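Visitor: I should be grateful for a close look at a single part of this structure, the place where protein and DNA meet. Please describe it in one connected account.

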2 protein chains.
Amino acid sequence: MAVTLRQIQAFLAVAELGTFTKAAERLHMAQPALSQLVRELEHALGIRLFDRTTRRVELTEGGREFQGASAKIVHDLDLAIQNANDLAERRRGRITVAAPPLLAAAILPEAIAEMRERFPGVQVAVLDARTDTIIEAVRTNRVDCGLGTFAAVEDGIERIPMARDQLMLFCSPGSRFADTTVDWRELRGEPLITLTRDSGIRLLVEVAYETVGIPLVPAYEVSQITTALALVEARLGVAVLPTYARAAAPHRRVLARPLSNPTIARDIVLIRPGGRSVSPALATFETILRRYARRLAPADVD
Amino acid sequence: MAVTLRQIQAFLAVAELGTFTKAAERLHMAQPALSQLVRELEHALGIRLFDRTTRRVELTEGGREFQGASAKIVHDLDLAIQNANDLAERRRGRITVAAPPLLAAAILPEAIAEMRERFPGVQVAVLDARTDTIIEAVRTNRVDCGLGTFAAVEDGIERIPMARDQLMLFCSPGSRFADTTVDWRELRGEPLITLTRDSGIRLLVEVAYETVGIPLVPAYEVSQITTALALVEARLGVAVLPTYARAAAPHRRVLARPLSNPTIARDIVLIRPGGRSVSPALATFETILRRYARRLAPADVD
DNA sequence: GCTATTCATAAGCATATCATCTGAATTCAG
DNA sequence: CTGAATTCAGATGATATGCTTATGAATAGC
């Protein structure tokens, strides 16, 4: 004979209210049904829980003992259910997102701020790391998702495109490129500020120069995008950088111009462990993230 | 949508075994039924508990959290049920019995010893007190039952006759009464050892003397039954005492002879709060107690 | 590419659950 | 002391719930 929660609820209601009839009302059921539940429980436990005359119902010693224990159980269960509901309703939760430093600086702060505003109970943690570290962290579940421009991603990892990022020419406001769409060929002979060769962007730029057949001779070679932008602002040359570089230093007086023939674009994608369910909080965060990603790189996706 | 224990058991089995099919086997049910239970639980909680592909089932983050909470709840419940069963099976329990000192010394020790032997988990406590205190203690539920010779008992208190106790003549082996049933009238002029006037027994003796019309002149007046028996043993007189006085000093060399015309008898009764249920341990103790009571005062009851 | 395994879905059916009605016991009012 | 009212227990029938069987879809291994 199995003990059920319903029996326990019936028992607790009777124990609290002291009468079967009132307890039945509270539980929205008929009194005989409730009598039956209590009887079943007594039978399952092997002890009488109530001494009942027709006029008075009171707990036996064993009943009082069981009341304490079962009240705690019911309370714990309510708490557990409440916790689960909190997760479902995004009142609680924890998201860890990995992103390369630039993207982390460009997109994440605003997205996190909005998330914090709308769902104060959800904690968002950031891991800024290099691309390969990010993939590793996603695969080993150390983070819930990763943001970046990932070329080929192994399987077992899901890819969700967020926005399309395009290489652009960054120049100073007075530059001769300031008002037009720029063709790569126009860059011949222009002093070029590049990133160092360990950067993925530098690689793309080299490919493009080679494609259009002009030699790449760096005027300056720096490792940080912000440094490159500072040099551009100082009119020491132009730089070819991804769209989202604009967000890295919004206060700088530099312009970004589209580069065409060829247009070189990469997807900014969110990756996360495949096959696993997406927590409600993470699902919301993804949509927020996509909005801010597109605001930075408004080119259409797919 | 209500959460049921069955759903939780299903969930825990799947969480532990990692597959629905195996869990269904353990729970002795078909796999679809178990799938349904888990689905219902997920729906009630608002979160997915498992990430399931057809090949792999693993807990989500929320699932793991709920697993911990619900496992504790199920464990607590099992414990509570176990405790109740222990009470039912007399593996555990506590009985407090009140009795006047003499009865407490005469009957209770052996009864308690047997109880302890058969049900080691049940604690039996003794409160030795005067008759009126006993009744009061029973009425206020400070003790579970009381033993004694209670004349009229108020209602709200149940009376269970245990044995019939009779006034007897206690004399030394060499006395002229040693071999016969004694008539009260034969006591005329015999040196009588009595209890002091605050004793209920003394009262009965006075009534009997008056009834048969002989004067009561105490040779000695003592307050303890054991003292009276010692004086009898020393051949200083005879004493009129209840049957169970024999048990008070089994080593003494005194004889007890029935007293007739009139035969004065009282019931040794067990009293306990009326309308309340009798715990399994107490029920057992009552039968044990009755056996020992009858052994002392073998006269039939009712 | 085929088979075996695993979980989800659908439909039918047995069982359990609950509400209504009725009865017994007790209390309270007159 | 009698009658009304209250309260819990029992019996019966309608409804609902839960389980099983049968089937389908997806994946991994051979």
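Guide: Helices, which are numbered from the N terminus, are taken here as DSSP runs of at least four residues. The model is a predicted one. On that basis, three helices each supply at least two residues of the surface near DNA strand C: α3 (31-45) of chain A, together with α2 (20-26) and α3 (31-45) of chain B. The largest share, four residues, comes from α3(B).

In total, 20 residues surround DNA strand C. The closest are R6(A) and A30(A) from one chain, and T21(B), R52(B) and R55(B) from the other. By character, the residues of this surface divide into seven nonpolar, eight polar and five charged.

On the DNA side, 69% of the strand C atoms within 4 Å of the protein belong to sugar or phosphate, and the rest belong to bases. Individual contacts of chain B illustrate both kinds of partner. A polar side-chain atom of S35(B) lies 2.8 Å from a phosphate oxygen of DNA strand C, and a backbone N or O atom of F20(B) lies 2.9 Å from a phosphate oxygen of that strand. For Q31(B), by contrast, the partner is a base nitrogen of DNA strand C, 3.2 Å from a polar side-chain atom of the residue.

Both protein chains thus take part in this surface, and their mutual arrangement completes the account. A rotation of 179 degrees, with 0.0 Å of shift along its axis, superposes chain B on chain A with an RMSD of 0.3 Å. That is the relation of a two-fold axis. The same surface serves both copies, as 97% of the contact residues of chain B recur in chain A.

Note on methods
Residues are numbered from 1 along each chain as its sequence is written. Chains are lettered from A and ligands numbered from 1 in the order in which they are written. This is a predicted model: local features need pLDDT of at least 70, side-chain atom pairs count only at pLDDT 80 or more; totals for chains, interfaces and linings use all residues. Side-chain values use heavy atoms; hydrogens and water are left out. Copies are superposed by least squares on the C-alpha atoms of residues with pLDDT of at least 70 in both. Contact means heavy atoms within 4.5 Å. A residue is near a molecule or strand if one of its heavy atoms lies within 4 Å of it. A polar contact is a pair of N or O atoms within 3.5 Å; within protein, one must be able to donate a hydrogen and the other to accept it, and residues adjacent in sequence count only if both atoms are side-chain atoms. Ala, Val, Leu, Ile, Met, Phe, Trp, Tyr, Cys and Pro count as nonpolar, Asp, Glu, Lys and Arg as charged, and the others, Gly among them, as polar.
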